[in-house]
Amino acid sequence: MSKAQDPFYIVKEEIQESIDKLQSSFHQWERIRPENEQRVRLTKELFTNCESIEWQVDELDKAISVAARDPSLYGIDEVELENRRRWTSSARTQVGNVKKAVVAGKENGNSASAMHRELMRLPDRSNRYTVEDNDDFISSESDRQMLLIRQQDEELDELSASVERIGGVGLTIHEELLAQEKIIDDLGNEMDSTTNRLDFVQKKVAMVMKTASATGQCMMISFLLGLFIILFILVFFT
C-alpha cells in the first residue's frame with residue numbers, strides 16, 4: 001500500500017498540520033502581555049488544541065498497536081512500525097512542551113497580574129508619573145490618529161476632484177462625437193441629394209438626345225455640360 005493510500009499517513013498529515021497551527025498560535029501567545037485579554041482567550045484555545053491533538057495521537061498509537069500484532073497483514077515491517085512509534089512519540093513531546101510552557105506562563109502571568117494590582121493600590125509617586133505618562137501617550141496617539149484622518153480626508157478630496165475632472169473630459173468627448181456624427185449625417189444627406197439631381201439630369205439628357213438632331217444634340221450636350229459644371233461648383237465649393 002502506498003503512503004498516499006495508507007490511513008496512517010493520512011491521519012499523520014492532519015495531526016502534523018494541527019501541530020504546526022498549535023506552534024504558530026503558541027508563538028503568538030508568547031508575544032502577548034500576560035494581562036491582555038487576548039492572551040487569556042488564546043490560552044484557552046491552546047489547552048483545547050493540545051487535548052485534541054493528544055487524543056488523536058493516542059488513537060494513532062492504538063492503531064499502531066493493532067498493526068503490530070500482524071504486520072504482514074497490513075503490508076508493513078518492524079522498521080516501519082518503529083518509525084511510526086517514533087513519530088507519535090515526537091508529536092506527543094511537541095504538544096507536551098507547548099502545554100507545559102502555557103501552564104507555566106499562565107501561573108507567572110497570574111502572579112504578575114496580582115503584583116501589578118498591588119502596586120496600583122500604593123499611592124506613590126511612581127504610579128502617578130506612570131499614569132501621567134500613559135495620559136501623554138494616549139494624547140499623542142490621539143493626535144497622530146487625527147492627523148492620519150485629516151490626511152486621508154485630503155487624499156479623498158483630491159481623488160474626488162480627479163474623478164470629476166475625468167468625468168468632465170468624458171462628457172466633452174461625448175458632445176464632440178455627437179457633433180461630428182451630426183456633421184457626417186448632414187454630409188450624407190447632401191451627397192444623396194446631389195446624386196438624385198445628377199440622376200435626374202442624366203435621364204433628361206438621354207431623353208433629349210433621343211429626340212434632338214445631331215447639331216441640336218451637340219448644343220444640348222454643351223449646355224448640359226456647362227450646367228453640370230456650374231452645379232458641381234455650387235455644391236462642392238460653396
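Which element gives the most to the nonpolar patch? The points below take up that question and then turn to several individual residues.

1. On the surface of this predicted model, a nonpolar patch of about 940 Å² is made by Leu187, Met191, Leu198, Leu225, Phe228, Ile229, Phe232, Ile233, Phe236 and Phe237. Two or more residues of the nonpolar patch are given by each of the elements α4 and α5, the latter covering residues 214–236. It is α5 that gives the most to the nonpolar patch, with six residues.

2. Phe236, which is one of the residues making the nonpolar patch, is found in helix α5. Its relative accessibility is 41%, and Phe236 therefore counts as partly exposed, given that this class lies between the 20% limit for buried and the 50% limit for exposed.

3. A second surface patch, this one negative, is formed by Asp153, Glu154, Glu155, Asp157 and Glu158. Asp153 has its place in helix α4, which runs over residues 125–211, and α4 is also among the elements that give two or more residues to the nonpolar patch. With a relative accessible area of 38%, Asp153 is partly exposed.

4. Helix α3, spanning residues 78–121, holds Glu80, and Arg84 has its place in helix α3 as well. The side chains of Glu80 and Arg84 are joined by a polar contact of 2.9 Å. Is Glu80 buried or exposed? Glu80 is buried, because its relative accessible area is 17% and buried means under 20%. Arg84 is likewise buried, with a relative accessible area of 8%, so the polar contact of 2.9 Å joins the side chains of two residues that are both classed as buried.

5. Arg84 can also be placed with respect to a residue elsewhere in the sequence, namely Ile64. Arg84 and Ile64 are separated by 20 residues in sequence, while in space their C-alpha atoms are 7.4 Å apart.

6. A further pair for the reader to locate in the structure is Gln23 and Val98, which lie 75 residues apart in sequence and, C-alpha to C-alpha, 7.4 Å apart in space. Gln23 is found in helix α1, made up of residues 7–30. Is Gln23 buried or partly exposed? Gln23 counts as partly exposed, because its relative accessibility is 27%, whereas a buried residue would have to be under 20%.

Terms used:
Residues numbered from 1 in each chain as written. Predicted model: local features only at pLDDT ≥ 70, side-chain atom pairs only at ≥ 80, totals over all residues. Heavy atoms only, no water. Patch = residues over 30% accessible without salt bridge, like charges linked within 9 Å, V, L, I, M, F, W, Y side chains within 5 Å. Areas by Shrake-Rupley, 256 points an atom, 1.4 Å probe, with all protein chains shown as cover. Salt bridge = Lys/Arg side-chain N within 4 Å of Asp/Glu carboxyl O. Lys, Arg positive; Asp, Glu negative; His and termini not counted. Charge placed at Lys NZ, Arg CZ, Asp CG, Glu CD. Helix = DSSP H or I, 4+ residues; strand = E, 2+ residues; numbered from the N terminus. Buried < 20%, exposed > 50% of the residue type's maximum accessible area, 1.4 Å probe, protein only. Polar contact = N/O pair within 3.5 Å; in protein donor to acceptor, adjacent residues only side chain to side chain.
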